[in-house]
Amino acid sequence: MNQTMIQFFHWYSEGDGKLWQDAEKQAEYLAELGITSVWFPPAYKGANGGYSIGYDTYDLYDLGEFDQKGTIPTRYGTKDQYLKAIKALKKNNIQIIVDIVLGHKGGGDELETFKVVKVDENNREKVISDVFEIQSYTKFTFGGRGKKYSDFEWNFACFSGTDYAEGMDKHIYKIQSEYGNDWEEMIDDEKGNYDYLMFNDVEHRNPHVREELNYWAKWYFEQTDFDGVRLDALKHISFDFYKEWITLLRSNSGKNIFAVGEYWAPGYLNLLQRYIEVTEGCMSLFDSSLQNNFHNASKEGSSYDLSKIFDGSLTQADPLHSVSLVDNHDTQPLQDLEAPVEEWFKPIAYALILLRKDGYPCIFYPDLFGAHYVDKDKEGNDQEIFLNKIDGIEELLKARKDHAYGEERDYFEDTNCIGWTRDGDDEHSGCAVVVSNKDAYEKPMEMGEKYIGKTFYDLLGRSEEKVTIDEKGWGNFPVPAGNVSVWIVE
């Protein structure tokens, strides 16, 4: 069966503590659509308590169990509800992918005094002060949990930098410690060195930190029996650390844990390939370059050359390490990395990741269920956003589950109309897919000898015509203007 992932949340998922319950209720529906894995948001308590999206990690051991940061549940529910959702999904043969945020911690419990230097925010390698002392919230005692599950206490020596100094302006302060007065090695020189991202930056060169994070991973697996991990903000974390962490997790769990990382570098395929190289292929990466192609294609309309839609993408260059996507929580409207794919193009984009052989496709929660939220735009004004369920998304998912198998023949010779066919296999009949970003077309494509005389219809209902395969195994497959058609055997 084809593998298909869903990101079962978005940045503005309602903070009513019901996401885990929603996932439990939707388990059978997701399985019917052919979803084989669910990527959940960070499930542990954040610095902002019940309001936290989860990426401001406070206590990794608090899965909605302890009264901390003003709440027992997380934004998404309690630990019991989380475990029930996992059980329901696994009962429906859906794997669990958990979100791992190990680059920073927020919401420290106590002030500590230690030495730092200021660095230039645009070039973190550039020191712009002498060594001096600050006070910052770098001590974590986890008063609500105490020492249950772990007695490890985080202090300033566990961090390489912070952006908070009591009584001073917000700035990036490089912590001076025994583990290094410089940043950890990154694969790129963006901002000089982009080790520091936010809050208290975790010092992965501290052996006690590594030991604790490895111990926690084993504990988390034993609690939840997850099947995969989504690794947050890779460009800000030591690649050496994650290579070790994943190896130990797989060894300790006795399971070949799937791993996909977020190295967000749209248009920079070389950086994705470099990261895969230095981590020795131990994880897949989200194809940020392909997502960027989709964004541009949706903006440019008929002036975009569809025959080049996969150019510069990880899905084309290294499909075995690619998780393809159309949108995610970072690219959705009003986010810092905002680069949404226009609604008209989304059925096309989903056909391109769901119905082809390369890549591991991930669909986005609002595209299946819709979403509505309000946030500030770049000018500080309230903006109301409606994200609609994508037309034909269920049919496209079912087409992947039932028809996207076998040999793939490409017809990418036209700038405004591309297509491909899938042969099918012993258990599944194939399909023909045609995409247009301009006019209505009829595209001649080969289905193969076994389909001679067979009649095809458009699963998406875009066309009422029928296509009969001729004596050479070919058919002329229509597509409406600016749309996609998916043709299967009657």
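Which strands does helix 10 lie across? The legends below, for a predicted model, begin with that view.

**View 1. Helix 10 packs across three strands.** Helix 10 spans residues 393–403. It lies across strand 21, strand 22 and strand 27 (484–489). Its direction is at about 140° to strand 22.

**View 2. Six strands make an open sheet.** The order is 20-21-22-27-24-25, with antiparallel pairing. Strand 20 (408–411) and strand 25 (466–468) stand at the edges. Each has a single partner strand, so one side of each has no neighbour in the sheet. From one strand to the next, the twist averages 20°.

**View 3. Strand 21 pairs with strand 22.** Strand 21 covers residues 417–424, and strand 22 covers residues 429–436. The two run antiparallel and are joined by 7 bridges. I418 has V435 of strand 22 as its bridge partner.

**View 4. Three residues carry a "binding site" annotation.** An unreviewed UniProt entry lists D195, D201 and H236. They are spread over 42 residues of sequence, yet cluster in space, with a largest C-alpha distance of 9.0 Å. From this set, H236 is in the lining of the largest pocket.

**View 5. D195 sits in a loop.** The loop runs between strand 11 (173–175) and strand 12 (200–202). D195 counts as buried because its relative accessible area is 1%, under the 20% cut-off. Its contacts beyond four places in sequence include W183, D201 and H236.

**View 6. D201 lies in strand 12.** D201 is also buried, at 1% relative accessible area. Leaving aside neighbours within four places in sequence, D201 contacts several residues, among them H104, C158, D195 and H236.

Conventions:
Residues numbered from 1 in each chain as written. Predicted model: local features only at pLDDT ≥ 70, side-chain atom pairs only at ≥ 80, totals over all residues. Heavy atoms only, no water. UniProt positions renumbered as here; feature names shortened; annotations may be inferred. 1 Å grid on protein atoms, 1.4 Å probe; cavity = no way out; pocket = protein on both sides within 12 Å on 5 of 7 lines; lining within 4 Å. Helix = DSSP H or I, 4+ residues; strand = E, 2+ residues; numbered from the N terminus. Buried < 20%, exposed > 50% of the residue type's maximum accessible area, 1.4 Å probe, protein only. Contact = heavy atoms within 4.5 Å. Pairing = 2+ DSSP bridges. Axes fitted to C-alpha atoms, helices over the stretch in contact; angles between N-to-C directions.
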